[in-house]
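Please read the following walk through a protein model with the coordinates open. The account takes a loop position, a helix and a run of strands in turn.

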Amino acid sequence: MEIAKGLHIVDGIKAPSGISLNPLALFGADGSVHLVDCGFPGQAKITIDYLASVGTAPSKVKSLILTHYDPDHVGSAAEIQRITGCTVMAPEFDERVISGEHFTDDQLRKLFPKYDNAEIAAIQVRLHPDPEYENIKADRVLRGGDVLDTVGETVIYHVPGHTPGLIALYFKDLSCLAAVDSMKLFDGKVGLTKPPMTASPREAVESLGKLRDLNFEILIAYHSPPLMSGGSTALREYLDSQKT
Ligand SMILES: [Zn+2]
């Protein structure tokens, strides 16, 4: 489904519960295709079939941008990479999980001294991937402030909280923010999922504060239908409600 010029949600990639996972296919002006996330293990064919349905060959896929380590986002990455030969990008820390590294609680505490024990436990419980998951090493590590050329200028924001490395993508030319799992839409209102799905709600709210000054209409968030207008207003309303 094309929701803005060149920006598609890849239809048909769903969780067993039936909710949509909202992976994206971005069609650049130069004919290149960039994917953002790719569903669970075994779902690569859904993306390839979607591209075929809009007249695009797998060889056009130049990059796969992974937003964080959860298996519903990275599960088919190795298979997509094999089929298309694309470059794989993933954010700092989460790329280490995606490549198969394991971490003890002590290692996590050293890496993230800002997290308390409950936050470390919430991260740890979600570090064990789907047994079907095939590890993949990213070709490029993404950081907040990076700018990519996909459907025009695409700015990467580091928005930890759900996972330590999570990134959001701001598509300037399309007035669109892919907030991914940094927030959830509840009947069009911004909110958060509960721990352990959001490992650190405190940090998640701080992260959303980084997006406060962006202006955008379309908001794509955590497995919800996209908000097609008023996205940045909805985000600011949520942030205002969190002020004490
Ligand atoms: Zn997630």
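Helices and strands here are DSSP runs, helices being H or I over at least four residues and strands E over at least two, and they are numbered from the N terminus. On that basis, Glu92 lies in the loop that connects β6 (87-91) with α4 (94-98). The model is a predicted one.

Glu92 is a convenient starting point. A residue counts as buried when 20 or more other C-beta atoms lie within 10 Å of its own, and as exposed when there are 12 or fewer. Glu92 has 16 other C-beta atoms within 10 Å and is therefore partly exposed. Leaving aside residues up to four places away in sequence, Glu92 touches Val141, Arg143 and Gly165. Met228, in contrast, is 136 residues from Glu92 in sequence, and the two C-alpha atoms are 30 Å apart in space.

Next comes helix α1, residues 44-53. Its buried residues are Ala44, Ile46, Thr47, Ile48, Tyr50 and Leu51. These buried residues pack against two strands, β3 (24-27) and β4 (33-36), and against the helix α3 (77-84). After α1 comes Gly55, which has a positive phi near 75 degrees.

The strands from β8 to β11 can be followed in sequence order. Strand β8 (residues 147-150) runs antiparallel to strand β9 (residues 152-158), and 4 bridges join them. The two form a hairpin with 1 residue between them. Within this pairing, Asp149 has Glu153 of β9 as its bridge partner.

β9 is also joined to β10, again in the antiparallel sense, by 5 bridges. Here Thr154 stands opposite Phe171 of β10. On the other side of the sequence, β10 pairs antiparallel with strand β11 (residues 176-180) over 3 bridges. Phe171 stands opposite Cys176 in β11, as well as opposite Thr154. β10 and β11 make a hairpin with 4 residues between them, and Ser175 in the turn has a positive phi of about 55 degrees.

How many of the residues of strand β10 are buried? In β10 (residues 167-171), 5 of the 5 residues are buried, so the strand is largely enclosed by the rest of the structure. In a regular strand, side chains alternate between the two faces of the sheet. In β10, Ile167, Leu169 and Phe171 point one way, while Ala168 and Tyr170 point the other way, and all are buried.

Definitions and conventions
Residues numbered from 1 in each chain as written. Predicted model: local features only at pLDDT ≥ 70, side-chain atom pairs only at ≥ 80, totals over all residues. Pairing = 2+ DSSP bridges. Contact = placed C-beta atoms within 7 Å.
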